[in-house]
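I opened my notebook to look up the cysteines in this structure. These are my entries, in the order I made them.

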Amino acid sequence: MKPVTIADGVYSLRVNHFNRKLFDSLIPLPEGTSYNAYLVKGSEKTALIDSADPDKAAVLFDYLKDEKKIDYIVSHHAEQDHSGSIPLVLERYPAAMVVTNPKCKELLMTHLHIPEEKFIIVKDGETLSLGGKTLEFIYTPWVHWPETMVTYLREEKCLFSCDFFGSHLATGELFSVEQQVYQPMKRYYAEIMMPFRSNIKAHLEKLAKYDISFIAPSHGPVHNNSKFVMNIYRDWAVSEPCNKVLVIYISMHGSTYMLVNRLVSRLQEGGVCVEKLNLEQFDEGRVAMALVDAATIVIGTPTVLTGPHPKAVYAAHLANLLRPKAKFVSVIGSFGWGGRAVETIAGLIPNIKAEVLKPVIIKGMPAEADLKLIDELAALIVEKHAGLVCRA
Ligand code: FEO
């Protein structure tokens, strides 16, 4: 593999993982993913920006086969998909030093047992000259761990952003294409970034003062349209949610399904966009992506023994972890002889700071009076969504 030139003295060492099935053993990867390292060559020094997942270290070293000297390894993030090959790089280039912040150093020592004397610590805003190439380090905690930072290469106006602005897309194209990268970026954002929306808002403001020609993330292609990328992040992390209801449901004997269908029909008649996901074919990625911009989440569940269906429990737990910006939640479903489906679901989602709209839990197969309750819930959602727009 040959390094691919992005700009003068700046090279992409992208390690594609086309056939990886799951990220974090959780989120399906229909278009694979990649782990991107970069090389920046100044007139005096050479810096490697991050590394690659150790499973793919051989590809990284193939890129580096003609590289005689690496002076610095900039480590933005201690998670192993970017840092895991650093010990191997240090073996190959024993004079190289790891440049990072104090928190990342601590985590790299814990996770990878890199010795303390191998680190150069940089402060927020500090610079490092490679000779005609100036790296500026910018602390951006919580995108995605507490130690994360990014690096701005002043001369080439290139932002090395690590996880920030990444996408789950393995591709041979150097630069992203907006229509192609949008969904893989959303899939990435939904799992990795969404729980940290308030940090993202602050980081977008911090980065607004930089003139950025390229965003070089550590997953997916390089972006040469930074405005597009910043705008979609602003939309997902900062803007009001969409006029959209996410209905995640499962049904055992059809009663919950009847309630769901009635709700969906009434919502659509009221001009609300609906995404309906059946948990029988649980796709955590689809659920996570739908959570990014839905203003309302409705969980539909039958009662299994005394509680909600286990798949509904899992979906509620996942939604709670991802902290979506939904404003309203509700639960609909049925029971045979009793149970505590609503209380259990409510107890599972304390992180979702949303108004709970009156649940509809009915006994047995829905009668006309039960369907009227669904109509009332739909009417309430339509009313609550006034002023929201459907952008998805
Ligand atoms: Fe791509 Fe948080 O590591």
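**Cysteine notes**

I looked at the handedness of a link before anything else. The link of cysteine 273 and cysteine 390 is left-handed, with -140 degrees about the S-S bond. The two cysteines lie in parts 117 residues apart in sequence, so the pair ties those parts together. I placed cysteine 273 in strand 16, residues 273–278. I placed cysteine 390 in the segment after helix 12, which spans 368–384.

I noted that the model is predicted. Next I checked the sulfur distance. The S to S value for cysteine 273 and cysteine 390 is 1.9 Å. A disulfide needs two cysteine sulfur atoms within 2.5 Å, so I count this pair as one.

How many disulfides does a search of the whole structure find? I searched and found one.

Then I turned to accessibility. Are the two bonded cysteines buried or exposed? Cysteine 273 counts as partly exposed, at 25% relative accessibility. Cysteine 390 is also partly exposed, with a relative accessible area of 33%.

I went on to other cysteines. Why is there no bond from cysteine 158 to cysteine 162? The closest cysteine sulfur to that of cysteine 158 is in cysteine 162, 13 Å away, and that is too far for a bond. I recorded cysteine 158 as buried, at 1% relative accessibility.

For cysteine 162, I found the closest cysteine sulfur in cysteine 104. The distance is 8.6 Å, again too far for a bond. Cysteine 162 counts as buried, with 1% relative accessibility.

Methods
Residues numbered from 1 in each chain as written. Predicted model: local features only at pLDDT ≥ 70, side-chain atom pairs only at ≥ 80, totals over all residues. Heavy atoms only, no water. Helix = DSSP H or I, 4+ residues; strand = E, 2+ residues; numbered from the N terminus. Buried < 20%, exposed > 50% of the residue type's maximum accessible area, 1.4 Å probe, protein only.
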